Amino acid sequence: FWAGYGGYTSEGVEAPDRVRVAASDDAPQVGDTAVVSILPPYAGVAEIVLANESVIESRSIDVPEEGAQVEFEVTEDWGPGAYVMVSVFTPRDPVSRPRPRRAVGVAHIGVDMAPRTIELSMDAPELARPRGPLTVNIEATEGVAGAGAFVTLAAVDEGILQLTRFQSPDPTEWFYGRRRLAVELRDDYGRLLDPNQGAAAPVRSGGDQIGGAGLTVVPTRTVALFSGPIAFDASGHAEVTLDIPDFNGELRLMAVAWSQDALGAASQPMTVRDEVPAELIMPRFMAPGDESRLTATLDNVEGEAGTYEAEISAGDAIAIAGGDTVSFDLDAGEREDRLVTIAAGEEAISEVGLSVTGPGGYAVSRSYPIQIRSPYLPVTRVDRSPVSPGESYSPPGDAFASFAPGSGEMTVSFSAIPMDAAALYQALDRYPYGCSEQITSRAMPLLYADQIASLAGLERSGDADRRILDSIESLLSRQAADGAIGLWRVGDRGSSPWLGAYIVDFLARAQ
């Protein structure tokens, strides 16, 4: 900060030229008076600028040796706070100070935003049951509520939030928190300073990078519920009902409230589980002919002691070996795991069901989807042959013999040039990644080739137009302030001149 203003530091020298500026620790409210102190030993003419995103006020005062105090009235322009920037100019003295001196300082004054903060409290049970409605009562205990105030409630699996390091939303921290000073202080006074006093103060700068790793565990069953805006009544009360699905775990309840001139947020955990949680631990997918083992687990957390029968069922593409019923003799607080062998049949998306019955009429049923898919990647084969006048062409009868039944498709096209445009476009369209180069390559042919789109099974007036617009939006969302377009996101290292030229050419044609 100081280096940009021409200050110099060195041992044994009367530097750094930084004037100390202090503000009261008590955050003022709008309409109050904020007191700023310019502390000794610097004396001279002080230029004071009050600013945040823009300059709010500026003054010029004389500062004696004992320092000075300046009062400012806090107005709406301050927002959540403002900075006081002070520059003290001390004239030269022919004997004691042959060169003039300038010192700079800055202090932040935070505004008390309590009158514009909604304090929320949630009345929700610590333990809830799955597969049913859950009603949460939300009270606005302090702040602005009632007419014109709304609240949203989200209930999300705590495990997913931990994996992604997600913090509960808090609009007060975002809108009322301390903001970076957006005004720069520049002058030409540094040219009068003697550079032989010492080395220039180091410029301290910081940066950021893409933090956090991707998910290493992909969940098969999770919860993310959102209520949408719910209006508070005149007494500051709101009632939100969520449908809890089939889930055993911990949910984080996150509420966000707002009105015309106030914000608020609250969050709290809530456990969701059955009296005897039952789970099937399954593979993510299987291939035709695979054999695998499932783990059936029962945990008698709150149920009666006794024998629990677990019946395991499966869809058409799954076969269960060794019987479909497993017995568990569980005491209170006891847990057991059992292995169940299954075999996969033809390619399909199937289900495995788990139904548990036990003492006291306990009964619960759950189902789990599982995909049976080929272990081989998709294959595209292109056969080109000339057709002379009067000749005909018939596809070979065994064209799909090496493919899984029902997974193949064929396109037959004729062209005056030795290029199968439809096959080329289909290969582009099936590319599984969405980098900027591939998005452009997929969309560019659609700008002109109506025939290519129709041969590929797309209607030019419908799907093709939507794909072009989606491509434009995706590319523009990756453009940084300097105009460069990233390969995957804004400002990534994949940005390059040839990629930018290619994308800009497409955008110009699309326009």
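**Entry 1. Terms and helix 4**

I count a residue as buried when its relative accessible area is under 20%. With that cut-off I looked up helix 4 in this predicted model. In helix 4 I found Ser-436, Gln-438, Ile-439, Thr-440, Ser-441 and Ala-443 to be buried. The helix covers residues 436–443, and six of its eight residues are buried, so I recorded helix 4 as largely enclosed by the rest of the structure.

**Entry 2. The chain as a whole**

I then turned to the overall content. The chain holds seven helices and 27 strands. It has 511 residues, of which 35% count as buried. I also looked at how far apart in sequence the contacting residues are. Among contacts between residues at least 6 apart in sequence, I noted that 68% join residues at least 24 apart.

**Entry 3. Confidence**

I checked the pLDDT before going further. The average over the chain is 82, and 82% of the residues score at least 70. Two stretches drew my attention. Over residues 1–16 the pLDDT stays under 50, and the model gives this stretch 39 contacts beyond four places in sequence. Over residues 198–219 the pLDDT also stays under 50, with 20 contacts beyond four places in sequence.

**Entry 4. The nonpolar cores**

Which residues have the most contacts inside the largest nonpolar core? I found Leu-120, Ile-138, Leu-153 and Phe-232, in a core of 28 residues. I listed the elements that give two or more residues to this core: strand 9 (119–123), strand 11 (132–142), strand 12 (150–157), strand 16 (237–244), strand 17 (249–258) and strand 18 (263–272). Another core lies apart from it, with 27 residues, among them Leu-280, Ala-296, Tyr-368 and Ile-372.

I returned to Ile-138 and looked up its neighbours, leaving out residues up to four places away in sequence. Ile-138 touches Leu-120, Leu-153 and Phe-232, and its other partners include Met-122, Val-151, Val-240 and Ala-255.

**Entry 5. The sheet of strands 2, 3 and 6**

I followed an open sheet of three strands, in the order 2-3-6 and with antiparallel pairing. Strand 2 (21–23) and strand 6 (68–73) are the edge strands, and each pairs on one side only. From one strand to the next the twist averages 25 degrees. Strand 3 spans residues 33–38 and is joined to strand 2 by three bridges, in the antiparallel sense. In this pairing I noted Val-36 of strand 3 as the bridge partner of Ala-23.

**Entry 6. The sheet of strands 19, 21, 25 and 23**

I next examined an open sheet of four strands, ordered 19-21-25-23, again with antiparallel pairing. Why does one side of strand 19 and of strand 23 lack a neighbour in the sheet? Strand 19 (278–281) and strand 23 (318–321) stand at the edges, so each has a single partner strand. Neighbouring strands here are turned by 30 degrees against each other on average, direction ignored. Strand 25 covers residues 335–344 and runs antiparallel to strand 23, to which four bridges join it. I recorded Thr-341 in strand 25 as the bridge partner of Ala-321.

**Entry 7. Strand 24**

Where do the side chains of strand 24 point? Along residues 325–330 I found them to alternate. Val-326, Phe-328 and Leu-330 point to one face and are buried, whereas Thr-325, Ser-327 and Asp-329 point to the other and are not buried. Such alternation between the two faces of the sheet is what a regular strand shows. Strand 24 pairs with strand 22 (residues 306–314) over six bridges in the antiparallel sense. The bridge partner of Thr-307 in strand 24 is Asp-329.

**Entry 8. Two single residues**

I closed with two residues, beginning with Thr-172 in helix 2 (residues 171–176). Thr-172 has a relative accessible area of 16%, which means that it counts as buried. I found its side chain joined to that of Asp-170 by a polar contact of 2.4 Å. Leaving out residues up to four places away in sequence, Thr-172 touches Thr-117, Gly-177, Leu-263 and Gly-264.

Ala-128 belongs to strand 10 (residues 127–128). Ala-128 is at 9% relative accessibility and therefore counts as buried. Its C-alpha atom is separated by 7.3 Å from that of Met-270, although the two residues are 142 residues apart along the chain. Beyond four places in sequence, Ala-128 touches Met-270 and also Leu-134, Thr-271, Val-272 and Arg-273.

Note on methods
Residues are numbered from 1 along each chain as its sequence is written. This is a predicted model: local features need pLDDT of at least 70, side-chain atom pairs count only at pLDDT 80 or more; totals for chains, interfaces and linings use all residues. Side-chain values use heavy atoms; hydrogens and water are left out. A nonpolar core is a set of buried Ala, Val, Leu, Ile, Met, Phe, Trp, Tyr and Cys residues joined through side-chain atoms within 4.5 Å. Buried means under 20% relative accessible area, exposed over 50%, partly exposed in between (1.4 Å probe, protein chains only). Contact means heavy atoms within 4.5 Å. Two strands pair if DSSP finds at least two bridges between them. Axes are lines fitted to C-alpha atoms, for helices over the stretch in contact, and angles run from 0 to 180 degrees between N-to-C directions. pLDDT is the predictor's confidence in each residue, from 0 to 100. A polar contact is a pair of N or O atoms within 3.5 Å; within protein, one must be able to donate a hydrogen and the other to accept it, and residues adjacent in sequence count only if both atoms are side-chain atoms.
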